[in-house]
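Work through the exercises below with the sequence and the 3D view at hand. Try each task before reading its solution.

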Amino acid sequence: MHILITGWFSFEGMGNTAGDMIARDNVCNWLKEANITYDVAVAAAFPYPGGVNWQTVYPSKYTDLLFVCGPFGNGWPVTDLLARFAGCRLIGLNLTLLQPLEEWNPFTILYERDSSAASNPDISIYAPPPKIPVVGVILITKQDEYGKRDQHEKAHEAIKRLTESSEMSVVYIDTALENNKGGLRTPGEIESLIAKMDAVITTRLHGTVLALKNGIPVLPIDSVTAGAKLSRQVKTLGWPVLINVENLDDGNLLEAFDFCLSKEAKMKAEECALKAVHTIDEIRAKLIIDLLSLKKVELQV
């Protein structure tokens, strides 16, 4: 037995989804555990280690054609695929069949997602949840107050290189309330999104502060030459990670980012937040005392 695994990941321009590829990987794992030989047919846009092109491999190499996940009907490009592998048994798995089985049933084995005869859970639910970090990126805009010292474009290019260097789910978060790029409308909406991140990369002071407030490790990059308010705030909060724009190095950025994904960083972020709250609580108390003193003077006058 030698199976060719196909699906919408085998074609370009046919709406391949994350669910299709998760289902594919499930099937690959099942066949591997059963010591069943297989190849995976993929389009160039969806590479897979050892993947093949169904239009160029020899059909006689395979005993079975397995199509996994998604809608499946008696039309192009399925008809071209089936015609090329007409000598193979057809196995359908996790398919939504577009024709009633009574009218068209080309399968030797079929475990459908839904058809005129049955329905089953989508197999993408079977895979263990991924451990890919969700990373918020919060970028400053041009800071005219710093003149030529403002190097935010250089900093943002370095952030782009970092986020493209490894697998992560990047969420761009705009902290501006006027014309917010993400459609966020209130401070609470912005902060709640930041609080859902595993880590934050930012060139903004409040990106740093709101991340640490919620116990989220942050990689702050001060985009002003010689440092400015962001550097001062990071040091004030006691957060150990800070990159200055004149010392941007991809290796240092990656090392700092790796730290931000550690349990140690999570604990340190929570510690910084608690310490800051304690200090601000003292400021609040002193402020009230000062205001009441002013009020008392005013009443005497």
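**Exercise 1.** Which residue stands opposite Leu4 in E2?

Solution. The model is a predicted one. Begin with the pairing: E1 and strand E2 (residues 37-40) run parallel and share four bridges. Within this pair, Leu4 stands opposite Asp39. Next, follow the chain between the two strands: E1, helix H1 (residues 18-33) and E2 form a β-α-β unit that is right-handed.

**Exercise 2.** Find the bridge partner of Thr6 in E3, then say which way the residues of E1 point.

Solution. E1 also pairs with strand E3 (residues 64-72), again in parallel and through four bridges. The partner of Thr6 there is Phe67. For the directions, split strand E1 (residues 2-6) into two sets. His2, Leu4 and Thr6 point one way, while Ile3 and Ile5 point the other way. This fits a general pattern: in a regular strand, side chains alternate between the two faces of the sheet. Both sets are buried, and the count for E1 is accordingly five buried residues of five.

**Exercise 3.** Is Pro77 buried or exposed, and which residues does Pro77 contact beyond its neighbours within four places in sequence?

Solution. First locate Pro77: it sits in the loop between E3 and helix H2 (78-84). Its relative accessibility is 3%, and the limit for buried is under 20%, so Pro77 counts as buried. Beyond the neighbours within four places, the contacts of Pro77 are Trp8, Phe11 and Met14. Take Met14: 63 residues separate Pro77 from Met14 along the chain, yet their C-alpha atoms are 9.1 Å apart.

**Exercise 4.** In what order do the strands of the five-stranded open sheet lie, and why do E7 and E10 each have one side without a neighbour in the sheet?

Solution. The order is E7-E6-E8-E9-E10, with parallel pairing. Strand E7 (169-172) and strand E10 (243-244) are at the edges and have a single partner strand each, so one side of each lacks a neighbour in the sheet. Further in, strand E6 (residues 134-138) pairs with E8 through four bridges, in the parallel sense. In that pair Val137 stands opposite Ile201.

**Exercise 5.** Describe the surroundings of Thr202, starting from its strand.

Solution. Thr202 belongs to strand E8 (residues 199-202). Its relative accessibility is 0%, so Thr202 counts as buried. The Thr202 side chain comes to 2.7 Å from the backbone oxygen of Ile138. Apart from neighbours within four places in sequence, residues in contact with Thr202 include Ile138, Gly207, Val218 and Leu219.

**Exercise 6.** Which residues have the most contacts inside the largest nonpolar core?

Solution. That core has 39 residues, and the ones with the most contacts inside it are Ile194, Val200, Leu219, Trp239, Leu248 and Leu253. A second, separate core of 23 residues includes Trp54, Val57, Phe72 and Val78.

**Exercise 7.** How does the radius of gyration of the chain compare with that of a compact globule of 301 residues?

Solution. A compact globule of 301 residues would have a radius of gyration near 19 Å, whereas the chain has 28 Å. Now look at the outline: along the principal axes, the C-alpha atoms fill a box of roughly 100 × 40 × 35 Å. Buried residues are 42% of the 301.

Terms used. Residues are numbered from 1 along each chain as its sequence is written. This is a predicted model: local features need pLDDT of at least 70, side-chain atom pairs count only at pLDDT 80 or more; totals for chains, interfaces and linings use all residues. Side-chain values use heavy atoms; hydrogens and water are left out. Buried means under 20% relative accessible area, exposed over 50%, partly exposed in between (1.4 Å probe, protein chains only). A polar contact is a pair of N or O atoms within 3.5 Å; within protein, one must be able to donate a hydrogen and the other to accept it, and residues adjacent in sequence count only if both atoms are side-chain atoms. Contact means heavy atoms within 4.5 Å. Two strands pair if DSSP finds at least two bridges between them. A crossover is right-handed if, with the strands pointing away from the viewer, the path from the first strand over the helix to the second runs clockwise. A nonpolar core is a set of buried Ala, Val, Leu, Ile, Met, Phe, Trp, Tyr and Cys residues joined through side-chain atoms within 4.5 Å. The radius of gyration is taken over C-alpha atoms; the globule rule is 2.2 Å times the number of residues to the power 0.38.
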